[in-house]
Amino acid sequence: MATGAHRRYAEIMHDVEELINDHKEAFNFQDDRRKISSRRFVPPSFNDIRLTLNSAQLMSLTRSGRIELVTFDGDVTLYDDGQSLTDENPVISRILRLLRQGTHIGIVTAAGYTDGAKYYERLHGLLDAVANAVTEKDFDDPKVIILGGESNYLFEFDFHADKFLKFVAREVWMLDEMRTWQEEDIQSLLDVAEGALRECISNMQLSAEILRKDRAVGIIPKTGPENKKFNREQLEETVLVTQQVLDLSTPGKKIPFCAFNGD
């Protein structure tokens, strides 16, 4: 075991060395903030590497000319899990600066709503700020879209629309491949997924109930003092079981799908 661990650390350090050589400026930037090279006992972590790569990517993008499109996730990226993008969030001013430069902004989120008001609840700080900027003539036609429900629902910013969001019909933006998907196969896929979820609820005795939408199905915790929260291991098991069942199913071979843990 010790030999294996030693070999693995050697491999990690080799990878980190190559990373530093390829992205010296990005590493120096993160090293100044995270003191990676100053640590004696804690080796470079996943977060150290991820942030170094992110910095390298951003440095490369900003030096190659105007950025045409920037996309963001919602939860745990623009705001804390389950929270909203409120007025005081410092990311808003940065997004407004990108819009002034002509960059298109996309919010890509797993949250799937057919009603723009639901997305407004999550993103009201940004949408209000964009609307105020339009009123003050900072820019005329800001390009902001929200793509939700794992690429199932598209809204675009519209100053004159309710909650500043206009629904865009799938027929307008669907890829050619998506046009071949049959609704019967989509619902069959969701049926199979729901069956797998119910089996997981039973096998692990989860205090959960099924939530099904027109393009998604999942589990949510039951409310009440006697009900227990899910732990990460239970959620991961549920995801892996459901994904395998779908992979082996007939509709799963016809329709692309995403099985994930929203924890």
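## Leu98 and helix α4

In this predicted model, L98 touches V70, T103 and I105, when residues up to four places away in sequence are not counted. L98 itself belongs to helix α4, which comprises residues 91–100, and its relative accessible area of 19% falls under the 20% cut-off, so that L98 counts as buried. With respect to A129, L98 is 31 residues away in sequence, while the C-alpha atoms of the two are 13 Å apart in space.

The helix that carries L98 is also placed against the sheet: α4 lies across β1, β2 and β3, and runs at about 135° to β2.

## The five-strand sheet

The sheet is an open one of five strands, in the order β1-β2-β3-β4-β5, and its pairing is mixed. Strands β1 (69–72) and β5 (165–168) stand at the edges and have a single partner strand each, so one side of each of them is left without a neighbour in the sheet. From one strand to the next, the twist averages 25°.

Within this sheet, strand β2 (residues 104–108) pairs with strand β3 (residues 144–148) in the parallel sense, over four bridges, and G106 stands opposite I145 in β3. Helix α5 (residues 116–135) packs on the sheet as well, where it touches β2, β3, β4 (153–157) and β5, and the direction of α5 makes about 25° with that of β4.

## Helix α8

Helix α8 covers residues 232–248, and for its 17 residues a rise of 1.5 Å a residue predicts a span of 24 Å; the end C-alpha atoms are 25 Å apart, which agrees with that expectation. At the N-terminal end, α8 is capped by N231, one side-chain oxygen of which lies 3.2 Å from the backbone nitrogen of E233.

Which residues of α8 are buried? They are Q234, L235, T238, V239, T242 and L246. Because these residues cover an arc of only 135° around the axis, they are on the same side of α8. The other side of α8 has E233, L240, Q244 and L248, which are exposed. As for the partners of the buried residues, these pack against α7 (183–203) and β7 (217–221).

## Gln30 in helix α2

A further buried position is Q30, which lies in helix α2 (residues 24–34). The relative accessible area of Q30 is 6%, and since buried means under 20%, Q30 is assigned to the buried class. Once the neighbours within four places in sequence are left aside, the residues in contact with Q30 are K35, I36, L51, T52 and S55.

## The chain as a whole

The chain, of which the elements described above are parts, has eight helices and seven strands. Its C-alpha trace spans about 65 × 55 × 45 Å along the principal axes, and of its 263 residues 36% count as buried. When contacts in the chain are restricted to residues at least 6 apart in sequence, 58% of these contacts join residues that are at least 24 apart.

Technical notes: Residues are numbered from 1 along each chain as its sequence is written. This is a predicted model: local features need pLDDT of at least 70, side-chain atom pairs count only at pLDDT 80 or more; totals for chains, interfaces and linings use all residues. Side-chain values use heavy atoms; hydrogens and water are left out. Helices (H or I, at least four residues) and strands (E, at least two) are DSSP runs, numbered from the N terminus. Buried means under 20% relative accessible area, exposed over 50%, partly exposed in between (1.4 Å probe, protein chains only). Contact means heavy atoms within 4.5 Å. The expected span of a helix is 1.5 Å times one less than its number of residues. The arc is that of the directions from the helix axis to the C-beta atoms. A polar contact is a pair of N or O atoms within 3.5 Å; within protein, one must be able to donate a hydrogen and the other to accept it, and residues adjacent in sequence count only if both atoms are side-chain atoms. Two strands pair if DSSP finds at least two bridges between them. Axes are lines fitted to C-alpha atoms, for helices over the stretch in contact, and angles run from 0 to 180 degrees between N-to-C directions.
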